[in-house]
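Colleague: I am new to this structure and would love a close look at a single part of it. Could you walk me through one helix and then show me how it fits into the rest?

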Amino acid sequence: MEQLAGSEPRVAAHAASGGTQTVPTICRLCQAHCGILATVSDGRLTEVKGDPDNPLFKGYTCPKGRALPELHNSASRLLHSQKRQPDGTYASIRVKRAMDEISARLQAIVAQHGPRSVAVYTGTSGQSYPGGANMAAALLQAIGSPMFFTPNPIDSPGKQIAASAHGNWLAGDLPFAGADTWLLVGMNPVISKANGVPFNNPAQRLKEEVARGMKLIVIDPRKTETANRAAIHIQPRPGEDPTILAGLINVIIGAGLYDRQFVASEVAGFEALAATVAPFTPDYVAGRAEIPAAQLVEAAHLFATYGERGGMANVGTGSNFSQHGNLTEYLALCLATICGRWPRAGDKVHRPNALLPAYTAKAQASGPFQGWGYGTRLRVRDLTDAACGLPTAALADEILLEGEGQVRALICNGSNPMAAWPDQRRTQKAMEKLELLVCVDVEMALTARLADYVIATRMTLETPGMTQRVEALKYYTVGIGYPVPYAQYSPRIVEPPTGSDLIEEWEFYNGVGKRMGLALKMGLKYGFGKFDEAPPLVIDMEQSDNLTTEGLYEKICENGRFKLDDVRKHPHGHIFEVEETVQAKDPGCEERLDVGNRHMMAELEQVLAFDFTAEQADRDYPYRLISRRSNNFLNSAGRTLPGTKLSRGKLYNPLFMHPEDLTELGLEPGQTVTIASRHDRIPSIVEADETMRRKVVSTYHCFGGLVDDDDRFVEQGSNVGRLTPSDVEYDPISGIPRMSNIAVSISAGWKQA
Ligand SMILES: Nc1nc2c(c(=O)[nH]1)N[C@H]1C(S)=C(S)[C@@H](COP(=O)(O)OP(=O)(O)OC[C@H]3O[C@@H](n4cnc5c(=O)[nH]c(N)nc54)[C@H](O)[C@@H]3O)O[C@H]1N2
Ligand SMILES: Nc1nc2c(c(=O)[nH]1)N[C@H]1C(S)=C(S)[C@@H](COP(=O)(O)OP(=O)(O)OC[C@H]3O[C@@H](n4cnc5c(=O)[nH]c(N)nc54)[C@H](O)[C@@H]3O)O[C@H]1N2
Ligand code: SF4
Ligand SMILES: [Mo]
């Protein structure tokens, strides 16, 4: 057996030895990175279940994780890279050959059109592999192109934009466990395992906290699995989150329930905030969001006064999709800040790093900074680089718009524009216009079907895994990441199927860079906002010949508080003992958290001025389509698998409607309907759902086929991104278009146009 750096065998010994063995490892499908037990029989992954000996996850998994064997063994999985043939069909190509050809084509494109003509879009599944997205970024940097995109600006871009306007707290956020209250806006962590509730079994964490006495407040137009546990569920019209949060802040300030001491010593802009929220009286908010005024007042009092320590507020994708996401995220930070909800000197540091460098948590602000309007300018819609990254919703136009600076080559790393981007018709035009489209994927996903090359990669359990990335999430926003200094490392668990020719993401980018004669340097840095905690780590690939993935992970974790070797000693994962307390503020520190940012206050004034009555009375498009996530699928991943356990025989994304809305329209569950927005129309099949607010409907994203494929909706669903134009209603900073609270009409039947 080949030996690697750190004397680790190529695969865990059991995998090579035949027979059946069950070993601990990490599910890397989503950001939770649950500790799991994988059973391997004769070199094949046969079962995944929770690991009761994992100290953090304690046996927890979700259906997606338990379906890892189906993914790894799927007949529709790519075992060889694919090259598009002149007739549009695909033929297998050796990955080395593909790298030769791709590097030659990239070189020619750069020579003719300049570095900016090459872009990378790294997606959700790119995050399963530490090193992949970073190496893609290193390749782009070596080429000299700034055109690096992620899903973040079509996810929750308001988080970083709000944090830049508000400033960061250098002790991080408050722990969920033990809090008295918590406010969740536009998110459903029980299903999404995203932020808000700790993702080591969120349903259980929430249940425990509520049983202990936490009072949860949820703002969501749907009575979600999370809202079921709420002491107060505000079920408003969608799109009114800034109105409601401004209303809550107004009540709290008006009744003098805020933390005067904290505001006096750590906060700037309080008067501006108080003045701007003043018109958002309970009656105004109630009439506009269509909620009881008394409920708003009760929620404000509960949040501000219940218990000794109180709790924080977290915002999810629903609010970010419904426009004014930057403002909603900002107001949620302001709400926590005026109530003094940040760790203080002497508190225990609850997210100290384990595989990331140690840092000093301080009870002080790292003041605001300008989080937009800098760096690379896009050629469309006056968009620029920003704290959330380059505006992804505008990339299709950067490909379509001819002239200097046009993007002509795109590499998709574990991402799927055709399933995930808004404005699917425009996206398809853009994908078809590219001179070179490369998809680095594990299946012939929707975008791969338009690609020149599809690079087939190993799946997670065929690569080593580790949890460092999860720790870094706390720098991205509040309310996310491991709630304790936990880490896990896993060796490779299985070898890929025999006869396959697969590569790992980072090896592909490194291989292409080498062939282009470029010196790749992977740069890694972490910190709250503008504040770097440690000198950036640079991994110079020219100095790293014969590097293995295991060796690369050693380098990535080089400056960690704990060494990878320490973590490896605990194959079931480990919660380290880190007894650190938050330090007092630096003497003379003048930094303040800003709750009165001019741009945000101006946006709140715009919200106030908006004629919401016209929207409420829209007879042509009387329903509001909102977002929602499938418990069994992570975005589009695994969607090409024929009839998996996960789809439970239902291969489409139904349209969920309140039963009384169904009756009003004369529809029966299971009936086919047309969902039309002002922009486009898609077919669907209705399902009764009492959790919906009346006149609000929802469906899952990332279903459906290419744009001419609507008629097959029963076997593949339909794509909600079709209903959203990317250039009509969009955020001027992140470019995110309106992806929830979409005005739609619903009518019986479907006929392809
Ligand atoms: N209408 C609407 N649009 C949305 C959303 C919504 O809720 N509604 N959500 C938005 C959000 S929050 C996001 S994050 C984006 C998601 O945007 P993307 O990240 O672009 O989309 P995904 O579907 O997650 O793409 C994952 C791709 O990786 C592939 N893949 C799976 N496993 C692996 C692997 O192990 N290795 C590699 N290399 N590839 C793999 C999958 O086949 C798939 O093609 O979509 C956004 N778009
Ligand atoms: N099972 C599963 N888990 C996932 C994913 C998945 O596809 N499946 N995707 C992953 C990804 S990429 C992400 S970004 C996270 C997202 O994680 P979350 O942000 O928690 O996303 P959702 O679960 O869709 O919850 C969004 C909620 O917002 C509500 N909503 C919609 N519009 C509005 C509005 O205008 N105002 C308010 N107040 N609420 C609104 C919806 O009813 C819904 O309950 O989940 C991740 N986890
Ligand atoms: S929540 Fe599910 S998909 Fe996410 S890491 Fe855990 S088992 Fe995997
Ligand atoms: Mo996302």
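Which are the buried residues of helix α18?

Modeller: Happy to help! Please keep in mind that this is a predicted model. Helix α18 covers residues 424-433, and its buried residues are Gln424, Arg426, Thr427, Gln428, Ala430 and Met431. These buried residues pack against four elements: the helices α16 (395-400) and α17 (417-420), and the strands β17 (409-413) and β18 (436-441).

Just before the helix there is a residue worth a pause. Asp423 belongs to the loop that links α17 to α18. Its phi is near 60 degrees, which is a positive value in a residue other than glycine. Asp423 counts as buried because its relative accessible area is 4%, and the cut-off for buried is under 20%.

For a contrast, turn to another loop, the one between β24 (537-540) and α21 (549-556), where you will find Asn546. Asn546 is not a glycine either, yet its phi is positive, at about 55 degrees. Here the surroundings are another matter: Asn546 has a relative accessibility of 79%, so it counts as exposed, the cut-off being over 50%.

Between buried and exposed there is a middle class, and Lys207 can stand for it. Lys207 sits in helix α8 (residues 202-212) and is partly exposed, with a relative accessible area of 42%. To get a feeling for distances, pair Lys207 with Val720: the two are 513 residues apart along the chain, and their C-alpha atoms are separated by 33 Å.

Now step back to the whole protein. It has 26 helices and 32 strands, and 63% of its 753 residues count as buried. The C-alpha trace spans about 70 × 65 × 55 Å along the principal axes. A compact globule of 753 residues would have a radius of gyration near 27 Å, so the 25 Å of this protein agrees with that expectation. Contacts also reach far along the chain: among those between residues at least 6 apart in sequence, 76% join residues at least 24 apart.

One last stop is ligand 3. The space that ligand 3 takes is the second largest cavity. Around ligand 3 you will find Cys27, Leu29, Cys30, His33, Cys34, Cys62, Lys64, Gly65 and Lys193. This shell divides into five nonpolar, two polar and two charged residues.

How values were computed. Residues numbered from 1 in each chain as written. Chains lettered and ligands numbered in written order. Predicted model: local features only at pLDDT ≥ 70, side-chain atom pairs only at ≥ 80, totals over all residues. Heavy atoms only, no water. Near = heavy atom within 4 Å. 1 Å grid on protein atoms, 1.4 Å probe; cavity = no way out; pocket = protein on both sides within 12 Å on 5 of 7 lines; lining within 4 Å. Sits in = over half its atoms within 2 Å of the grid points. Nonpolar A, V, L, I, M, F, W, Y, C, P; charged D, E, K, R; others polar. Helix = DSSP H or I, 4+ residues; strand = E, 2+ residues; numbered from the N terminus. Rg over C-alpha atoms; globule rule 2.2 N^0.38 Å. Buried < 20%, exposed > 50% of the residue type's maximum accessible area, 1.4 Å probe, protein only. Contact = heavy atoms within 4.5 Å.
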